[in-house]
Amino acid sequence: MTQEIVFDPLLPWPIIAVLAGLAGFAVLVALWRGLPGWALRGTGILVLLAALSQPVLQQEDARDLSDIVLILEDQSASQRLDDRSETSLAAADGLEARLLARPNTEVRRILVPDGTGDEGTLLLSALNDALAKEPEGRIAGIFLISDGRVHDLEVSPDLPAPMHLILSGRPTDWDRRLVVEKAPAFAILDEPITLTLRIEDKGAAPDERETDILISVDGSEPLSYRVPIGQDLELPVTLEHGGLNVLQFTVPTADGELTDRNNTALIQVNGVRDRLRVLLVSGEPHAGGRTWRNLLKSDSSVDLVHFTILRPPEKQDGVPRDELSLIAFPTRELFMEKVDDFDLIIFDRYKRRSILPSAYLDNIRRYIEDGGAVLFAAGPDFASGSSLFESPLRSVVPATPTKHVIQRAFRPTVTELGQRHPVTADLETNAEWGQWLRQIEVVPNKGHVVMSGAEDKPLLVLDRVGEGRVALLASDHAWLWGRGYDGGGPQLELLRRLAHWMMKEPELEEEALWAEPNGQTMRIIRRTLTEGVGTVTVTHPDGTSVEIELTEVSPGRYEATYEGPEVGLYRLAEGDAHAVVGLGPSAPREYEDPIASGEDLGPLIDTWRGGVLRQVDGLVQIRNVSLGRPAAGRNWVGITPRGATETLSLKHVALMPVWLSLLLAGLFSVGAWLFEGRK
């Protein structure tokens, strides 16, 4: 039990001070005037001031509380390198034993695992949570057992006691890592982009100036190059296909380095076309001619060359042909010399005339087989003797005209196969589509019929020829949808998909396998025209594989979700379809810089003049230090005993009761009056 005198004033201290000043002034005046009772009056005033201060005897019954020391053990991925986990555990056990051997001391051991996803080491967040659970007045010290690489410095707490860092790792540790300095998310096809990489050595690295780097594109056989260490590497790369391109850069593991988890960089770049070059060849002006022109001109990324025959050669108006234009139209340049520069050629109601010789059309056939794309928008002339089918293009046209033109209203419909094809799948409901009024009867001889028309005859036929693609639209009335006739239809979406499929846009491939990554999860997508698919074989970065069952989510589209167990390049295969995808970052945050260091936590530790020690230095002495004093030295660290107590009972006893104060003040006042009266 402890006893002490405390004050519980009846009035605020400033008021008591003012009253004391006035009383003192009155006593001085009495003394100056020679009044003999000034001493008795002053004593009475002091009694009243003492009564206002109300002194009490405080009797407290309390018990001592133990000091609390926090030990936070970093158990993140970087702590599992080499023998760090074993040495860290031994250091924590030894430290706990020394602290518990001290009197009046408790220890809280807190395990700090990896953060969710790729958040890294959240050591200070765990410290904040631990401090919130303990009384601040009992915290005597904090010990962190870690490699010092934390990733939540922005939540640094206000420390109530000295903090010390016990570093894992050894002074001889070193590591080599591959750093991606600059990598674009998108790139234009057939145009070089520059990737900036750097190979860094950290820690006590050997004196090497060069190393090998392996470069692989989309999982292909890697190529090896010799590159310098510690310098920015600017690598020009040209993407060969649209869609996702996965580039993998790998530095071989060197002897003695801590980990190879940061020796690989995965860069995923989407290949896009800069500008689509389209040649539109119109046989003659007609109501639907503007449909194609408006569609293509509405896209700013399309370069359109429109070749229109305004005056057929057979027209007899007496005007010489060499006087029809100011300059000669570059027909040979377009169809012979520059035809390979176009991504797509559209023949809109074109029929054979003497304007384009057979050699030009044969060159277009060669253009298709070499990878080009041609769309035939057929009109009545396609069923005549001047049809393009009766030209060198016959071998690439996917359907044969019967010379019959169907002149009646019909509603276009998507075939069963078309419901699986990406060009026509998921279009608007057929019942809402307007009617077309004319169709060219054709008999398909190859390719896929994805839309049908009158009498269930083929309306849209798609085919692959050599490396190229061909489409035949057996009607010239698609423009009716654009005009809203009979309710209209998805004209713009259909023609856009058709044009993009012909230009080999990856998202419209009818036989495709790909995966969409999201952190460590991938959504596997398989599109096919066949009924049913097999399981997808997913090969992990370490070479192991797993079979994944797919579920049909729409006609021809199968999906599954898979959680990758590790970061890296995954290979997917189903039948003849193959794909690669990278999951996670190039190097997890835990492995970006695995060399143990107190640099990050140094400013926070210095606020209480704490220390940074290595586990390999062995156990150190633990001393008591006062607040504000240095808390670490050579082979010792300090904690600050808090002397916290818990009050069990508290009793106040008044030293001067009110009645006694009034009695004494009255006696002194009366005594002063009597004494002065006698004088």
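This note goes through a predicted model, taking a helix, two sheets, a hairpin, some loop residues and the enclosed spaces in turn.

1. Helix α1. This helix covers residues 13–32, which makes 20 residues. At 1.5 Å a residue the expected span is 28 Å, and the end C-alpha atoms are 28 Å apart, so the model agrees with the expectation.

2. Sides of α1. Which residues of α1 are buried? They are Ile16, Ala23, Val27 and Ala30. These residues lie on the same side of α1, because the arc they cover around the axis is only 55°. An α-helix has 3.6 residues a turn, so residues three or four places apart point the same way. The face turned away from the buried side of α1 carries exposed residues, namely Pro14, Ala17, Val18, Leu22, Phe25, Leu28 and Trp32.

3. The parallel sheet. Five strands make up an open sheet in the order β4-β3-β5-β6-β33, and the pairing is parallel. At the edges stand β4 (105–112) and β33 (612–614); each has a single partner strand, so one side of each is left without a neighbour in the sheet. Direction ignored, neighbouring strands of this sheet are turned against each other by 20° on average.

4. Pairing of β3 with β4. Strand β3, residues 67–74, pairs with β4 in the parallel sense over 8 bridges. Within this pairing, Val69 is opposite Val107 of β4.

5. The antiparallel sheet. An open sheet of 3 strands runs in the order β7-β9-β12, with antiparallel pairing. Its edge strands are β7 (174–182) and β12 (232–238), each of which pairs on one side only. From one strand to the next the twist averages 30°.

6. Pairing of β9 with β12. Strand β9 spans residues 192–203 and is joined to β12 by 7 bridges, the two strands running antiparallel. Leu197 has Leu233 of β12 as its bridge partner.

7. The β25–β26 hairpin. β25 pairs with β26 (residues 521–527) over 7 bridges in the antiparallel sense. Ala515 is placed opposite Ile524 in β26. The two strands form a hairpin with 2 residues between them, and in the turn Gly519 has a positive phi of about 70°.

8. Positive phi outside glycine. Most residues other than glycine have a negative phi, and most peptide bonds are trans. Two residues deserve a look on this count. Arg609 has a phi near 55°, a positive value in a residue other than glycine. Its place is in the loop between α10 (602–606) and β33, where β33 is an edge strand of the parallel sheet described above. With a relative accessibility of 45%, Arg609 counts as partly exposed. Asn635 has a phi near 65°, again positive in a residue other than glycine. Asn635 sits in the loop between β35 (632–633) and β36 (636–639).

9. Arg275. Where does Arg275 lie? It is in the loop between β14 and β15. Its relative accessible area is 33%, so Arg275 is partly exposed. The C-alpha atoms of Arg275 and Asp303 are separated by 6.5 Å, although the two residues are 28 residues apart along the chain.

10. The largest pocket. About 1500 Å³ of space lies in this pocket. Its lining has 50 residues, and those nearest its centre are His241, Gly242, Gly243, Lys504 and Pro506. Two or more lining residues come from each of β8 (186–188), β13 (243–250), β14 (264–272), β15 (276–282), α9 (491–502), β25 (512–518) and β32 (577–583). Which element gives the largest share of the lining? That is β25, with 6 residues. β25 is thus a strand of the hairpin in point 7 and a contributor to this pocket. The strands β14 and β15, which flank the loop of Arg275, also appear among the lining elements.

11. Cavities. How many cavities of 30 Å³ or more are there? The count comes to 4. The largest cavity holds about 70 Å³ of space. It is lined by His286, Gly288, Thr291, Trp292, Asp348, Ala377, Leu473, Ser475, Asp476, His477, Ala478 and Trp479.

How values were computed
Residues numbered from 1 in each chain as written. Predicted model: local features only at pLDDT ≥ 70, side-chain atom pairs only at ≥ 80, totals over all residues. Heavy atoms only, no water. Helix = DSSP H or I, 4+ residues; strand = E, 2+ residues; numbered from the N terminus. Expected span 1.5 Å × (residues − 1). Buried < 20%, exposed > 50% of the residue type's maximum accessible area, 1.4 Å probe, protein only. Arc of directions from axis to C-beta. Pairing = 2+ DSSP bridges. Axes fitted to C-alpha atoms, helices over the stretch in contact; angles between N-to-C directions. 1 Å grid on protein atoms, 1.4 Å probe; cavity = no way out; pocket = protein on both sides within 12 Å on 5 of 7 lines; lining within 4 Å. Points joined across faces, edges and corners; volume = space filled by probe spheres on them.
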